[in-house]
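Biologist: I am new to reading protein models. Could we go through this one by question and answer?

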Amino acid sequence: MVGLTRPKKLAAPAILAGALLLLALSPVGAGRPRDADEEIWWALEQLGAQPLGACLEGQFLVPAPDGWETAVRVLPASLLPAARPAAAAGKGEKRLFWQEEGGATLNLAWHPLRGPDDWQTAWRATIGQTPVSPPAQGEWGVVVARLHQPGRGRPAALAAVATPWPGEGYFYRIYVGRLAGTGTGPHLERKARRLMALLGARARESVSQGDWVNLCGYGARLGPDRRTLAGTAVNVQVVLRARAGENGTLVYVGLPLLPCPY
């Protein structure tokens, strides 16, 4: 009996050693990435999409003029420290533009609010909640910051280090890839739902129209930022838009949403 039990005792360590050897020989990055930006790029590449670029867009409700002046002083230094002002959108206009050698660009714009209606619209758009009463006095406005990065941009990493300033609002993260070939209707929706599954999210709202499909959903591992859409909490939006003239399909991933139509 001793001769029969000894090989069984050796089997478990041998299997464990083999598993550890296979793990050691696996290529770096073969497993699921943990970095928030790499998680999105990993999912896009699993879908077969080529990374094109990324965008970090901030929309913040701030008092004027301090809010705008603080944004101009703080945001370029924290989001694009190596960049220099490249141009202004016009004399007297509150629009500024920075550019970095690697191709990254930063645009800042100021949209003043005039009256309670503007305040309520801006609060609902930037905060995503029922608006509070407007301040009794003083001018307010919305600062919109758009940072574009070519290739495998890192908007999550940049949002984490961006120095805040007084105000209320959101940072939106947008990732863009390109699929070879085009499709319509069910084909695009299958691709979009597969991408949602790769992101660990479940689609809750969907719209499909010809060569365009739009899915919104929720995934616990995609972070705490969320918006309410038609009474449903969502934190990711996926859009696929086929471009027949280019024989390709653009894929957009927005967290918690895409801030403008794509």
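Biologist: How much space lies in the largest pocket?

Modeller: Keep in mind that this is a predicted model. Rolling a probe the size of a water molecule over the atoms shows where empty space is left. For the largest pocket, the space comes to about 220 Å³.

Biologist: Which residues lie nearest the centre of the largest pocket?

Modeller: Start with the lining. The largest pocket is lined by 13 residues. Those nearest its centre are A159, F171, R173, D225 and P256.

Biologist: Which strand gives the most to the lining of the largest pocket?

Modeller: The protein has 6 helices and 12 strands. One strand, covering residues 168-180, supplies 4 residues to the lining of the largest pocket. That top contributor is strand β6.

Biologist: How many residues of that lining are nonpolar?

Modeller: Sort the lining of the largest pocket by residue type. It has 2 charged and 3 polar residues. The nonpolar ones number 8.

Biologist: Now the whole protein. What share of its residues count as buried?

Modeller: A residue is buried when its relative accessible area is under 20%. The protein has 262 residues. The share that counts as buried is 40%.

Biologist: What share of the exposed area do carbon and sulfur atoms supply?

Modeller: The protein exposes about 14,500 Å². Carbon and sulfur atoms supply part of that area, namely 55%.

Biologist: Among contacts with a separation of 6 or more, what share joins residues 24 or more positions apart?

Modeller: Contacts here are pairs with heavy atoms within 4.5 Å. Take those with a separation of 6 or more. Residues 24 or more positions apart account for 64%.

Biologist: Let us turn to charged pairs. How many salt bridges are there, and which residue pairs with R154?

Modeller: The count comes to 7 salt bridges. In one of them, the closest N and O atoms of R154 and its partner are 3.8 Å apart. That falls within the 4 Å cut-off. The partner is E38.

Biologist: How many residues apart are R154 and E38?

Modeller: R154 sits in the loop between β5 and α5. E38 belongs to helix α2. The pair links distant parts of the chain, with a separation of 116 residues.

Biologist: In the salt bridge of R221 with E39, which residue is buried?

Modeller: The closest N and O atoms of R221 and E39 are 2.7 Å apart. R221 has 43% relative accessibility, so R221 counts as partly exposed. The other partner has 7% relative accessibility, which is under 20%. The buried residue is therefore E39.

Biologist: E57 forms a salt bridge with R146. Is E57 buried or exposed?

Modeller: E57 lies in strand β1, and R146 lies in strand β5. R146 has a relative accessible area of 33%, so R146 is partly exposed. For E57 the relative accessible area is 1%. Therefore E57 is buried.

Biologist: Which residues do salt bridges with shared partners join into one network?

Modeller: R154 and E38 come back here, as both belong to the network. The full set is D35, E38, E45, R152 and R154.

Biologist: One last residue, T126. Which residues does T126 touch, leaving out those up to four places away in sequence?

Modeller: T126 is in helix α4. T126 has 2% relative accessibility, so T126 counts as buried. The residues T126 touches are Q59, L61, V142, E168, G169, Y170 and R227.

Key: Residues are numbered from 1 along each chain as its sequence is written. This is a predicted model: local features need pLDDT of at least 70, side-chain atom pairs count only at pLDDT 80 or more; totals for chains, interfaces and linings use all residues. Side-chain values use heavy atoms; hydrogens and water are left out. On a 1 Å grid over the protein atoms alone, a cavity is a set of points where a 1.4 Å probe fits but cannot get out, and a pocket is an open set with protein on both sides within 12 Å along at least five of seven lines; lining residues have an atom within 4 Å of a point. Grid points are joined across faces, edges and corners, and a volume is the space filled by probe spheres set on the points. Helices (H or I, at least four residues) and strands (E, at least two) are DSSP runs, numbered from the N terminus. Ala, Val, Leu, Ile, Met, Phe, Trp, Tyr, Cys and Pro count as nonpolar, Asp, Glu, Lys and Arg as charged, and the others, Gly among them, as polar. Buried means under 20% relative accessible area, exposed over 50%, partly exposed in between (1.4 Å probe, protein chains only). Accessible areas come from the Shrake-Rupley method with a 1.4 Å probe; for residues, only the protein chains shown count as cover. A salt bridge is a side-chain nitrogen of Lys or Arg within 4 Å of a carboxyl oxygen of Asp or Glu.
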